[in-house]
Amino acid sequence: MYLPQHFASADLDHALRLVAEHPLALIVGPDAAGESFGSHVPLVAVPAGDGLVLEGHMARANPHWGWLSQQRSLLAVFSGPSAYGSPSHYDSLQNVPTWNYAALHAYGDIELIDGAAAKDALLKRLIARFEPDYAEQWRGLPEAYQHKLLGAIVGFRVRVTRWELKLKMSQNRAATERARIRDALGASASADDRRVAEWMARLAG
């Protein structure tokens, strides 16, 4: 992605925070004809030393997992909060609007998880992340029903080989201008605006 230096971040904690707060990723990889194909799936980051490993699953009916397993490499795009930036907050009238946003591009190799026990363990990790209280209900479902559901999905792990984090949060503006933008977004009725303000404050601190 286009990544000017003042918007680039190499902070793994920021990357992990973005994945945790906005887990729905766009998985991009080639289809059978070599054309780009995208699947929207929630992913979680799992501990891997200083690296980044992502886990998730998709419907077995989605042919994307088969194409990806043949090509191995993919791109996972996480889109964080975004907000319109009004030029009314700048010192000079000779300015134009902008858009602040956070985005993570993670490139890596896919490893399929297709054994019943391994997929069950994967689902339990996902449940623990998104709705821990559902774990008891999942364990209490009939075994035949669980088996049917597990058979309808393909789990996968992405071992990230390279990632790019873009935090476009008005770092190219003067400190006074950034403060006005942050304050305006922080007072907005839009939850996304307020999340951008939080990221701006985090980067300033």
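1. A salt bridge is a side-chain nitrogen of Lys or Arg within 4 Å of a carboxyl oxygen of Asp or Glu. With that in hand, a search through the whole of this predicted model turns up 11 salt bridges. The general idea is friendly enough: side chains of opposite charge can pair when their charged atoms come close. Let's walk through some of them, and then look at the helix, the cores and the rings.

2. Begin with helix H1, which covers residues 12-21. At its N-terminal end, Asp11 acts as a cap, with a side-chain oxygen 2.9 Å from the backbone nitrogen of Asp13. Which residues of H1 are buried? They are His14, Ala15, Leu18 and Val19. These four sit on the same side of H1, because they cover an arc of only 135 degrees around the axis.

3. H1 also has a salt bridge of its own, between the side chains of Arg17 and Glu21, at 3.7 Å from N to O. The two residues are 4 apart in the helix, so about one helical turn separates them. Arg17 is partly exposed, at 36% relative accessibility, and Glu21 is partly exposed too, with 37%.

4. Other salt bridges reach across the sequence. Arg60 and Asp114 meet through their side chains at 2.7 Å, N to O. Find Arg60 in the loop between strand E5 (53-59) and helix H2 (64-71), then look for Asp114 in the loop between strand E7 (98-113) and helix H3 (116-130); the pair links parts of the chain 54 residues apart. Arg60 has a relative accessibility of 30%, which means that it counts as partly exposed. For Asp114, the relative accessible area is 37%, again partly exposed.

5. Next comes Glu111 with Arg157, whose closest N and O atoms are 3.1 Å apart. Glu111 belongs to strand E7 and Arg157 to strand E8, with their positions 46 residues apart in the chain. Is each partner buried or partly exposed? Glu111 is partly exposed at 32%, whereas Arg157, at 16%, counts as buried, because the cut-off for buried is under 20%. Both belong to a network in which salt bridges with shared partners join Glu55, Glu111, Arg125, Arg157 and Arg159.

6. Now for the nonpolar cores. In soluble globular proteins, nonpolar side chains tend to be buried together. Here the largest nonpolar core has 34 residues, and the members touching the most others are Leu43, Leu54, Ala76 and Phe78. Strand E8 (residues 153-168) gives this core its largest share, 6 residues. Leaving aside neighbours within four places in sequence, Leu43 is in contact with several residues, including Val19, Leu54, Ala76, Phe78 and Phe156. Another core lies apart from this one, with 13 residues, among them Leu126, Trp138, Leu141 and Ile153.

7. Finally, the rings: the structure holds 2 aromatic pairs. Phe37 and Trp67 have ring centres 5.1 Å apart and planes at 85 degrees, so the pair is edge-to-face. Since Phe37 is in strand E3 (residues 36-42) and Trp67 in helix H2, this pair ties together parts 30 residues apart in sequence. Phe37 is partly exposed, at 28%. Tyr84 and Trp99 also make an edge-to-face pair, with 6.0 Å from centre to centre and 70 degrees between the planes. Tyr84 sits in strand E6 (residues 73-85) and Trp99 in strand E7, 15 residues apart. Tyr84 is partly exposed at 43%, and Trp99 is partly exposed at 45%.

Terms used: Residues are numbered from 1 along each chain as its sequence is written. This is a predicted model: local features need pLDDT of at least 70, side-chain atom pairs count only at pLDDT 80 or more; totals for chains, interfaces and linings use all residues. Side-chain values use heavy atoms; hydrogens and water are left out. Buried means under 20% relative accessible area, exposed over 50%, partly exposed in between (1.4 Å probe, protein chains only). The arc is that of the directions from the helix axis to the C-beta atoms. A polar contact is a pair of N or O atoms within 3.5 Å; within protein, one must be able to donate a hydrogen and the other to accept it, and residues adjacent in sequence count only if both atoms are side-chain atoms. A nonpolar core is a set of buried Ala, Val, Leu, Ile, Met, Phe, Trp, Tyr and Cys residues joined through side-chain atoms within 4.5 Å. Contact means heavy atoms within 4.5 Å. Rings of Phe, Tyr and Trp (its six-membered ring) pair if their centres lie within 6.5 Å; planes under 30 degrees apart count as stacked, over 60 as edge-to-face and the rest as tilted.
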